Amino acid sequence: MRTVESIHVDNQLLEDIHYINPEKPVAFYHSLLNPDEVNKIPWHWHPALQLGRLKEGEGRFFVGDMQFKLKEGDGILININQLHRYSPEANQPLHLINVLFLLEFVAPPASLAYKKYVEPMLREESRPCFVLRQEIDWQKELLDLYERAFQLEESEPHATGYELEVHEMCSRFWRGILTHLEQFPRWEANSHKITSQVRMKQMLTFIAENYSEKIALDDIAASACISKREALRCFRENMWKTPILYLTEYRIEKAKQELLAGDKTIVDIAFSCGFDSASYFNRVFRKHAGMTPMEYRKRME
């Protein structure tokens with residue numbers, strides 16, 4: 001099993017989690033961090049749920065503009081696409097057992113179970129994370145259930161069908177969170193939320209006015225006079241996506257409109273919508289629309 005002592009992020013603070021894929025949508029790992037190495041776990045986010053439990057030491061977890069102090073035995077479930085980081089407390093090393101899992105690990109996205117039991121919680125904007133305390137009996141039971149799944153994944157050799165057992169335990173954990181959902185606190189809108197909305201309007205206006213030009217995350221953030229990290233946080237809080245993903249999707253929608261107008265070539269549309277080349281435009285369009293620009297134009301004729 002992997003032991004993580006540092007993570008790598010791109011210029012949008014997205015963590016590299018290439019080791020998770022639809023074939024294996026879950027990954028268990030140990031995380032070790034010394035007090036003098038806190039920069040090895042920078043602010044980051046990922047399109048996967050994260051559940052961590054402290055095995056040794058005490059830690060401070062930062063999720064957006066909130067922070068929580070956890071002691072040995074406590075745990076935290078962090079919702080998807082939430083900016084977060086953590087650091088040791090009291091100059092002691094921190095040892096976590098972690099699991100990252102894609103949403104399809106809980107239930108298939110097209111299923112009724114997903115719509116009833118997964119999607120509603122993901123849209124709980126007032127609950128970006130769930131802190132689980134060792135001293136609360138039902139929360140300890142859920143953490144112990146998760147730890148048994150972790151131990152089963154870690155054991156070698158694996159027994160036949162162990163993946164099903166791991167999935168069953170994780171499903172029971174998820175069901176336990178839903179059962180006690182109202183016992184977790186909400187963080188209601190405040191002046192910070194209002195400020196976030198104002199900044200979003202500034203950034204969205206900038207994108208709408210400049211999408212045909214070369215735009216970087218720095219430019220989007222500068223349009224609202226904020227840092228890149230704050231721009232990312234605003235978009236995650238309000239749009240459930242990064243500024244660059246929003247920009248890409250905006251460009252694709254504009255390209256669709258131009259394709260249907262029928263009076264421009266594919267190359268001209270690519271450049272007019274802010275793409276560096278026709279080949280790159282084709283790749284991105286196919287990824288988002290499931291077909292090439294030419295196929296889209298022909299199908300919509």
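## Briefing: rings, charges and selected residues

In this predicted model, the guanidinium-bearing residue Arg 85 places its charged end over the ring of Phe 62, at 4.0 Å from the ring centre. The protein as a whole is built from twelve helices and nine strands, and 48% of its 301 residues count as buried. The points below begin with the overall picture and then turn to aromatic rings and to individual residues.

**Overall build**

- Along the principal axes, the C-alpha atoms of the protein fill a box of roughly 65 × 45 × 35 Å.
- When contacts between residues at least 6 apart in sequence are considered, 71% of them join residues that are at least 24 apart.
- The exposed surface of the protein comes to about 15,500 Å², and carbon and sulfur atoms supply 50% of that area.
- The side chains include 38 positive and 44 negative ones, and the centres of these two sets are separated by 4 Å.

**Charges over rings**

- The charged end of Arg 85 sits over the ring of Phe 62, and Phe 62 is also one of the residues touched by Ser 87.
- A second arrangement of this kind involves Arg 2, whose charged end sits over the ring of Tyr 29 at 5.5 Å from the ring centre.

**Aromatic pairs around helix 9**

- Across the whole structure, a search finds 14 aromatic pairs.
- One of the pairs is formed by Tyr 211 and Tyr 250, which meet edge-to-face with 5.4 Å from centre to centre and 65 degrees between their planes.
- This pair links distant parts of the chain, since Tyr 211 belongs to the loop between helix 6 (191-210) and helix 7 (217-223), whereas Tyr 250 belongs to helix 9 (residues 243-261), 39 residues away.
- Tyr 211 has a relative accessible area of 16% and is therefore buried, the cut-off for that class being under 20%.
- Tyr 250 also pairs with Tyr 246, and because the ring centres are 6.1 Å apart with the planes at 35 degrees, this pair is tilted.
- Tyr 246 and Tyr 250 are four residues apart in helix 9, so about one helical turn separates them, and both of these residues are buried.

**The ring cluster and Lys 256**

- Phe 275, Tyr 280, Phe 281, Phe 285 and Tyr 296 are linked into a cluster by ring pairs.
- Two members of that cluster, Phe 285 and Tyr 296, are in contact with Lys 256, as is Ala 289, when neighbours of Lys 256 within four places in sequence are left aside.
- Lys 256 lies in helix 9, and because its relative accessibility is 18%, Lys 256 counts as buried.

**Strand 7 and the loops on either side**

- Ser 87 is part of strand 7 (residues 84-88), and with a relative accessible area of 10% this serine is buried.
- Not counting residues up to four places away in sequence, Ser 87 touches Leu 33, Val 38, Glu 58, Gly 59, Arg 60, Phe 62 and Leu 94.
- Asn 81 is placed in the loop between strand 6 (75-78) and strand 7, where this asparagine is buried with a relative accessible area of 12%.
- Ala 90 lies in the loop between strand 7 and strand 8 (94-101), and in contrast to a buried residue it is exposed, with a relative accessible area of 58%.
- Most residues other than glycine have a negative phi.
- Asn 81, however, has a phi near 60 degrees, which is a positive value in a residue other than glycine, and for Ala 90 phi is likewise positive and near 60 degrees.

**Val 9 and its surroundings**

- Val 9 is found in the loop between strand 1 (2-4) and strand 2 (26-33), and at 31% relative accessibility this valine counts as partly exposed.
- Apart from neighbours within four places in sequence, Val 9 is in contact with Leu 14, Glu 15, Pro 42, Trp 43 and His 44.
- The C-alpha atoms of Val 9 and Leu 260 are separated by 38 Å, the two residues being 251 residues apart along the chain.

Notes:
Residues numbered from 1 in each chain as written. Predicted model: local features only at pLDDT ≥ 70, side-chain atom pairs only at ≥ 80, totals over all residues. Heavy atoms only, no water. Helix = DSSP H or I, 4+ residues; strand = E, 2+ residues; numbered from the N terminus. Buried < 20%, exposed > 50% of the residue type's maximum accessible area, 1.4 Å probe, protein only. Contact = heavy atoms within 4.5 Å. Areas by Shrake-Rupley, 256 points an atom, 1.4 Å probe, with all protein chains shown as cover. Lys, Arg positive; Asp, Glu negative; His and termini not counted. Charge placed at Lys NZ, Arg CZ, Asp CG, Glu CD. Phe/Tyr/Trp six-rings, centres within 6.5 Å; stacked < 30°, edge-to-face > 60°. Lys NZ or Arg CZ within 6 Å of the ring centre and 35° of its normal.
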